[in-house]
Each structure stands twice: as C-alpha cells, then as structure tokens.
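Here's a quick look at how this model is put together, from overall dimensions down to its nonpolar cores. Have the viewer open as you read.

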Amino acid sequence: MSNFFKETDIDTLQAEAIVTETLKNCDDGELYLENHKSESIVLDDNKIKSSTYNSDQGYGFRAVTGEVVAYSHSNDISKESLRKSSDNLKDTLKSKKGTYNHEIPKTNSKYYENINPIEGKTFDSKIDLLKSVNNYLRSKGSIVNQVTANFLGEHKSIEIIRSDNQVLKDDRPLVRFNVSVVLEKDGKKETGVYGVGGRQSYDDYLKDGSWKDVCDEAFRIANVNLESKPAPAGEMKVVLGPGWPAILIHEAIGHGLEGDFNRKKTSAFHSLMGQQVASEGVTIVDDGTLHQRRGSLTIDDEGTPTENTVLIENGILKNYMQDRLNARLMGTKSTGSGRRESYKHVVLPRMRNTMMLSGKYSQDEMISSVDKGIFAVSFGGGQVDITSGKFVFNCTEAYEINNGKIGSPIKGATLIGDGPSILKEVSLVGNDMKLDPGIGTCGKAGQGVPVGVAQPSILINKMTVGGTKL
Amino acid sequence: MIRDQEFLKDIASYCIENSKKLGATDVGVKVIHSVSENVSFRNKKLDESNRADSFAVNLTTYIEKKKSSINSSDLSKSNLEKLIERCIDATKITPSDENNSLPDKDLMSKEIRDLNLYDETHYPNDKKIEFLKKVEETASTDEKIVNTEAGFTENKNNFILANSNGFLGGYKTSNFSSSCVAVSRINGAMERDYEFGSTRFLEDMMEPEEIGKIAADKAIKKLGPKKIKSERIGIIFDKRISKGILSILASAISANAIARGTSFLKDQINSEVFPNSINIIDDPKIEKGLGSQNFDSEGVETNSLKLVENGILKNYLIDTYYGKKLNLKSNGRSGGTTNLYFENGTSSFKDLLNSEKKFLYITETIGHGGSIITGDYSVGASGFMVEDGELTYPVSEITIAGNFKEMFKNITLANDLEMKYSTNAPTLLINQMTVAGK
C-alpha cells in the first residue's frame with residue numbers, strides 16, 4: 001500500500017485511475033511521488049553555524065508522446081491538485097497516437113538498506129563529533145586558521161505509479177561528511193577539503209576514529225598547497241592519480257555519452273558509435289549496481305533496475321546511457337540511467353558511478369617516463385561544453401614532474417582538453433583503480449544528482465595546463 | 001493562481017505562535033508560494049511543457065542564543081506542528097552562539113514601496129508557443145545552424161517574511177524569461193551559443209526574432225576555432241561574462257568571508273582595490289529591477305550602497321550574524337547583492353578594442369577555477385582574437401589565469417553598460433593575464 005495518500009482525500013485506487021486515464025494513448029509517463037527528509041549540521045569558525053531539517057513531499061506527473069514531454073508537479077497531494085495536473089497534461093498533448101509500453105523489468109536486487117541515517121545517529125552525538133573535528137584540527141597548531149565541518153544526511157522514499165496500476169518503490173539513504181580547513185603561514189593562506197559518504201549510516205564512515213583520517217587528509221592537502229609554486233602554462237604530459245581525478249572521465253566522456261544529447265545530435269560523440277574513441281587499453285563503464293555507493297540505485301527514477309553499462313570497451317564506443325524516452329526514440333533499451341533531482345524535475349539520462357577499469361602499468365612507470373609535466377592527485381569540480389567537446393577540471397593538489405621525478409607542489413590550475421580526442425592521448429593505464437570517497441554531485445540542466453567516479457592512474461600525452469608561469 | 005498575502009500571513013503567524021508556545025524566545029519565518037510555467041521547443045517542435053506549483057516554509061527558532069531551522073513544502077498545520085516541535089527540540093540542544101539573534105528592531109524595513117516588480121499578465125502557453133516558433137524560425141535561417149532549442153518561462157511569486165519582533169512584510173514578484181540555444185556545424189565540428197532575456201514585465205521582453213538571431217549569429221561566428229600559443233596578453237571580457245568579476249568581488253566582501261578571514265580582500269576596507277576611475281554600486285530600489293527588493297532576507301531595510309568609490313573599497317555586504325562578529329550594523333545584505341553594477345567607463349567599445357594592437361576577446365568561460373581565499377583564478381575560455389581593433393578569428397581550448405588582486409587593479413571599463421541582469425558590467429579590459437594554449 002502507498003504511504004503517500006494517508007491523510008489525503010485520495011486513495012491509491014483513485015490515483016491509479018487518474019494515471020491510467022491521463023496516459024491513455026501516450027507512449028510513456030508516470031506519477032512519481034517522493035518524500036524527502038534531509039538534515040544539514042554545520043560547524044564553522046568554532047561554532048555550530050547552523051542546524052537545518054528539511055521535509056519535502058510532492059509529486060511529478062509526466063505524460064510523454066513522441067518526443068514531447070508534458071510535466072506538472074506540486075507539493076499538494078490531493079484529488080483537486082492531481083486532477084488539475086492531469087488536465088494540464090492532456091491540454092498540452094492534444095494529438096496523441098502513442099502505445100504505452102507496459103514492459104518494465106523487475107528486480108530482486110537491492111544495493112542499499114532501507115535505513116534513515118538522520119535518525120540513526122543522535123543529534124547530540126553529531127554535534128559532539130563536529131566539535132571533536134574542530135578541536136582535533138585546531139590542535140595541529142596555530143597555522144590552522146579556519147575549520148568547517150558538516151553532516152549532510154537524507155532519506156528519500158519514492159513511488160512510481162505507471163499506467164494500469166504498476167507500482168514501483170525505492171527507499172534511498174545517503175550521507176556525506178565533509179571537512180574543510182584553511183591554513184595560514186607567512187601571510188599565505190591555502191585550503192584543503194576532504195569528505196566521505198555513500199548510501200549507508202554515518203557511523204559506517206566515521207567509526208573507530210576514521211573521521212580523523214578525513215581531517216588528516218584535508219590538513220595534508222592544505223599543507224601541501226602552502227608550499228605551492230605558480231603552475232606552468234601550456235601543453236604538457238599529465239599523470240592523473242587514481243580515484244577522484246576520474247572526474248576527467250565524467251566531464252570529458254560521460255556527459256557526451258548521455259542519450260539525450262546523442263538523440264538530439266548535439267553531442268560531439270553522436271556520430272562515433274562503434275568507432276575508436278580511446279586508446280586500446282581504455283575501458284569505461286557506468287555502473288549503478290555497486291553496493292552502497294553514492295551513485296548507485298536499485299531502480300532509477302523511472303522504475304528501471306540499474307545495470308553496469310559498458311560505454312567504451314578497449315577504446316571502442318559501445319553504448320550510450322539511456323532513459324526510457326531517449327531509448328525508445330533511438331530504438332534501444334533503457335540502461336536504468338533515467339534520473340531526476342526530485343519530483344520537481346523531469347527525468348534525464350544521467351551518470352551513476354562512471355569508472356575507467358585498470359590496465360597493467362604502475363604509477364611509478366608513468367611518472368618516470370615523463371621529462372616535463374604535472375602529476376595531478378586531487379580535484380575540485382569540472383565542466384564540459386558537450387557540443388564542442390571542450391572540458392575543464394580544476395586541480396586542488398598537483399606537482400610538477402621534472403626528468404621522471406615528482407617535484408614541487410603547484411598552485412591550483414584549470415586543465416582544459418577536448419573530449420572526443422583526449423582518450424586517444426591516454427598512453428598508459430595504471431593497475432591501481434580506486435573509487436572516489438563518495439562526495440560527487442553532478443549538475444545538468446539545473447538538476448544535481450549524487451554520482452561516483454573511479455579510475456586507475458593514467459598518463460595523458462598532451463593536455464593544456466592553465467597556470468600563470470610561461 | 002498565486003495565493004494571496006492573507007493565506008501566507010496566516011501560516012506565518014501560526015508558525016510564530018506555535019514556536020513561542022513551545023518555548024522559542026525568538027522566531028523568524030518565511031512563507032513562499034510560486035507558480036511557474038515553462039514551454040520548450042526543439043527544432044521547431046514542442047519538446048516539453050512544465051507546470052510547477054510550489055509552497056515553502058522556512059522557519060528559524062531561537063531559545064536565547066541557541067538557534068535551529070526547518071524547511072518544509074507541506075503547509076498543512078498537522079505537518080507544521082510536528083516540524084515546529086522537532087525544530088524546538090533541536091534548538092534546545094544546539095550550542096549557543098552569542099551572535100545569534102534577530103536583526104535590531106530599528107533596522108527593520110518600515111514601509112513597502114511598490115518597485116513595480118509584479119506584472120499580473122498571464123501569458124498563456126499558446127502564446128508562448130507562438131513566441132518560440134518565431135525565435136526558432138529566425139535562429140534556423142542559416143543552413144550552418146543544425147539544431148535549435150528555445151524556451152519560455154513565466155514565474156509568479158508571493159511571499160511573507162515575519163518575525164516575533166513584530167516584523168511582517170511581503171509582496172508579489174513576477175519574471176518572464178526566454179532563451180534560445182543554437183548549434184552550428186561546419187566540417188563535422190559543432191559549436192553552441194545562446195541568447196536570453198529576463199524581465200519583470202512581459203511588455204519589456206526582447207522580440208523573439210532578436211533572441212533567435214543573436215543566438216544563431218553567435219554560434220556561427222564561433223565555428224572553426226583555433227588554439228593559440230601560450231602568452232601574456234590583454235584580455236577583453238564580453239558583457240555577458242564581465243559581470244562575473246562583480247560576483248567575485250561580492251563573495252570576497254561578504255561579511256561572512258571577511259569575519260572568517262577567508263577573503264583575499266580582508267583588511268582592505270578603505271584601501272585602493274581598483275583603479276581610481278572605478279565606482280561600484282549596489283542599488284535595491286531600481287524600478288522593475290531583476291535584483292530589486294524592499295528588504296533583505298531578514299527583513300532589514302536595504303538602500304543603495306557605494307561598494308567601491310574612486311577605486312576605494314567602502315563597504316562590505318553585511319547581515320546580522322556576521323555584522324555582530326565584525327561589530328558592524330547590518331546594511332541589508334543578508335542574501336547578498338541586489339542590483340549590482342559598475343558605473344560606466346569612458347572609452348567606447350571601439351576605442352577599447354583599438355587601444356592596443358592585439359587582444360584576446362573572451363565570450364565564454366567554463367569551470368569554477370577562482371579562489372576567494374587566495375584570489376587565484378584559472379578557467380577555461382573561448383572567444384576571438386582581436387587585431388588592429390577587428391575580431392579576426394575564433395579561439396578555443398585555452399585557459400586564462402591570474403590573481404584577482406592584480407586583475408582588479410588593471411581594469412579598464414567601456415561605456416556600454418546595460419541593465420540586463422541583476423549584476424551588470426560594461427565590456428571590460430584586464431591588462432596582461434596569462435593565456436595557456438599550445
């Protein structure tokens with residue numbers, strides 16, 4: 001039974017009837033219901049800066065015919081509101097000649113437990129831990145200028161009612177714990193940020209003092225940056241470390257392989273299916289089925305079970321990521337990649353956990369092969385123009401490489417490249433694939449969704465480093 | 001239909017009364033209703049229609065100097081009752097902070113002036129569709145344009161902001177916006193560009209043909225870009241992105257960054273930060289202004305502020321909490337700047353382009369490579385090479401880098417300021433930055 005119609009003037013049967021009637025002669029569509037609880041507790045400047053609890057509930061009603069999507073959403077779950085939305089959808093889609101595809105794969109797999117992490121740890125103990133973080137970092141010396149730490153926890157319950165009374169449900173926990181530290185030495189200030197998270201309870205990430213590792217890592221990055229010199233400017237060899245630097249894959253390749261941009265032929269990759277788009281040793285997948293990972297989903301936001309989708313295999317482009325709409329229009333199947341930020345947003349094909357798989361080289365081999373270049377270990381964010389294929393990402397920890405040896409740390413700089421050609425410049429793929437720590441959020445069309453990335457160390461022959469030193 | 005003030009006031013009062021009953025010593029609350037209708041087109045066909053009807057309550061309760069907040073979209077009293085209880089429970093066990101408080105009573109906004117921010121005109125979806133057809137018709141005239149997308153959004157908002165010191169105020173606002181994205185192609189390589197208009201009143205919207213034409217022209221001009229050599233060069237920022245310099249300034253002079261000591265402009269008040277020809281103003285009381293407001297997000301009266309006068313930094317952007325930390329009174333900037341702009345420069349756009357033999361003219365940046373803490377800046381960019389005052393060829397896959405402190409001191413403004421966004425700047429030249437390319 002649905003939990004969404006309690007305390008409303010409408011029951012599940014009546015809602016199902018409205019859905020079926022509204023979606024008559026449509027190709028697709030559903031009523032998506034969502035209850036979202038979230039909490040944020042922030043320590044900053046030695047104080048608990050804010051504690052906020054959010055409770056949001058609503059529905060998004062979608063009707064699809066051909067390429068046209070009509071969407072109406074509201075946080076008023078009532079007969080009148082649903083009726084109004086239904087009228088609005090029917091009014092938009094005047095001529096409908098579609099056939100509703102009732103087939104939707106079922107799944108018995110679950111990639112996370114139905115827990116509510118907010119209630120799984122007391123408010124007091126969260127406050128205490130934030131204070132401990134502050135004390136621990138400030139005890140590292142007077143160079144510690146500022147400490148910020150925060151808990152972000154959420155629990156989302158969704159229910160998808162499709163035409164003819166198919167109901168699909170999922171309950172999704174998600175947590176994130178972040179630490180940021182600013183150090184000051186000889187009038188120079190630098191910052192270091194680190195965090196952990198995923199679809200488990202807070203304590204799975206923080207127990208046995210492992211929160212100290214998060215603090216130590218943020219402190220280490222800031223400390224390295226205090227010694228940093230201006231970054232070089234121009235084209236050079238780049239070695240990327242394993243794990244989080246895979247946001248290069250996310251920006252350079254991932255977005256360009258999302259179904260919508262390829263159906264619309266606005267992606268630089270739209271005519272490259274089956275072609276060599278990367279060096280032979282490169283295999284990239286987008287996997288929604290990793291247990292408890294930030295980007296994992298048991299079912300996507302259209303109800304399709306997620307899967308491990310091979311995007312590039314040994315350098316050849318194999319698949320795009322698809323939601324139902326784009327899959328139907330391109331004559332293929334959904335890959336379980338239909339996602340939305342909330343009931344306020346339409347479904348789009350999105351990434352989950354995007355990963356480059358391991359090759360055979362060691363990181364040392366890569367570094368020792370470079371005469372002049374940089375070694376990039378940690379990153380801030382990135383961005384891509386999917387049409388021209390140009391993408392950027394920002395180093396937050398990087399070093400120069402001179403004659404095969406790692407040299408001084410360099411200041412944060414933007415790296416820029418061209419998506420369709422960058423993976424052909426990957427000359428060595430490492431044997432050390434690592435997942436990111438679970439803190440990524442991907443933005444597309446104003447919607448943010450949690451994602452993961454992974455990669456081994458890689459050597460890129462040529463990339464432009466955006467420093468200030470010529 | 002947008003809900004009226006009485007409906008919102010009733011919920012605000014309910015929240016304040018109930019919070020007080022449960023032990024809150026102070027309460028602040030905001031109740032918002034917004035209705036938004038969006039239609040989008042792609043390649044001259046309807047692509048998506050989207051109607052949104054959203055409520056929100058943001059409540060903060062104080063018990064002496066302890067504070068906690070809740071947000072909810074469910075306005076039913078049974079739900080609010082539960083959430084208020086939860087908020088009070090959290091407040092009780094949150095450590096106190098001497099700077100937590102409602103704003104001083106004498107700073108609160110006393111009267112609400114009609115700033116002409118609400119146009120009740122409803123633009124039906126059929127009309128939006130007609131508008132978008134014209135946008136795309138014009139955008140796709142040239143055969144080099146292979147894809148067009150266009151959208152029209154109409155937004156109506158109403159809100160009430162109230163606190164337990166007796167402040168209660170709110171008003172309706174509206175927004176109409178339309179955009180066009182055009183994709184051009186030559187020899188298999190594509191470029192994308194856009195144009196958009198955003199106004200409080202429907203009658204002020206750009207003509208659809210103008211939006212389509214600008215987007216298409218820009219996308220075509222970008223075709224066949226070259227990557228240039230790394231060098232030090234003067235950079236001209238197109239108006240579309242020169243306003244970004246003001247957004248950086250706004251973050252760096254927010255009381256938050258100053259009090260926390262994490263701004264590259266800390267301790268720079270009353271110092272020369274820009275060349276002495278430069279004035280920067282934040283004016284909340286511009287009629288029909290996209291950033292206009294009667295009061296800030298705490299209900300504090302907002303008035304026009306000269307942030308920079310003759311190159312000298314004169315004011316921070318101050319809210320109640322960080323103001324107390326800095327021993328300064330709030331100047332009504334909780335929630336940030338309002339209508340922020342550079343006063344016009346003296347040279348014409350043409351003179352600026354001719355002031356040196358060679359420039360790089362940047363029309364777009366990508367990435368978030370600016371640090372407010374260190375002032376270091378490095379972003380991806382695309383634009384055009386300028387030689388002898390003429391745009392000669394498109395440039396892409398390069399980065400531009402520098403440090404804000406130095407960049408600010410090397411700014412020259414053109415005299416082509418337009419008030420098109422909430423933050424506005426004329427075309428702007430920064431002399432000598434590093435370009436990384438080949």
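## Overall shape

Chain A has 470 residues and a radius of gyration of 24 Å (taken over C-alpha atoms), which agrees with the value near 23 Å for a compact globule, the rule being 2.2 Å times the number of residues to the power 0.38. Its C-alpha atoms fill a box of roughly 70 × 55 × 35 Å along the principal axes.

A word on the source: this is a predicted model, where local features need pLDDT of at least 70 and side-chain atom pairs count only at pLDDT 80 or more, while totals for chains, interfaces and linings use all residues. Residues are numbered from 1 along each chain as its sequence is written, with chains lettered from A and ligands numbered from 1 in the order in which they are written.

## Make-up of chain A

You'll find 10 helices and 22 strands in chain A; these are DSSP runs, H or I of at least four residues for helices and E of at least two for strands, numbered from the N terminus.

Buried residues make up 59% of the chain (20 or more other C-beta atoms within 10 Å of a residue's own, placed from the backbone).

## The cores

The largest nonpolar core holds 175 residues, and A:Ile374 and B:Ile236 touch the most other members. Such a core is a set of buried Ala, Val, Leu, Ile, Met, Phe, Trp, Tyr and Cys residues joined through C-beta atoms within 7 Å. Strand 15 of chain A (residues 390-402) gives the most to this core, with seven residues.

A second, separate core has 31 residues, including A:Ile48 and A:Trp211.

Notes:
A residue is buried if 20 or more other C-beta atoms lie within 10 Å of its own, exposed if 12 or fewer, and partly exposed in between; C-beta atoms are placed from the backbone.
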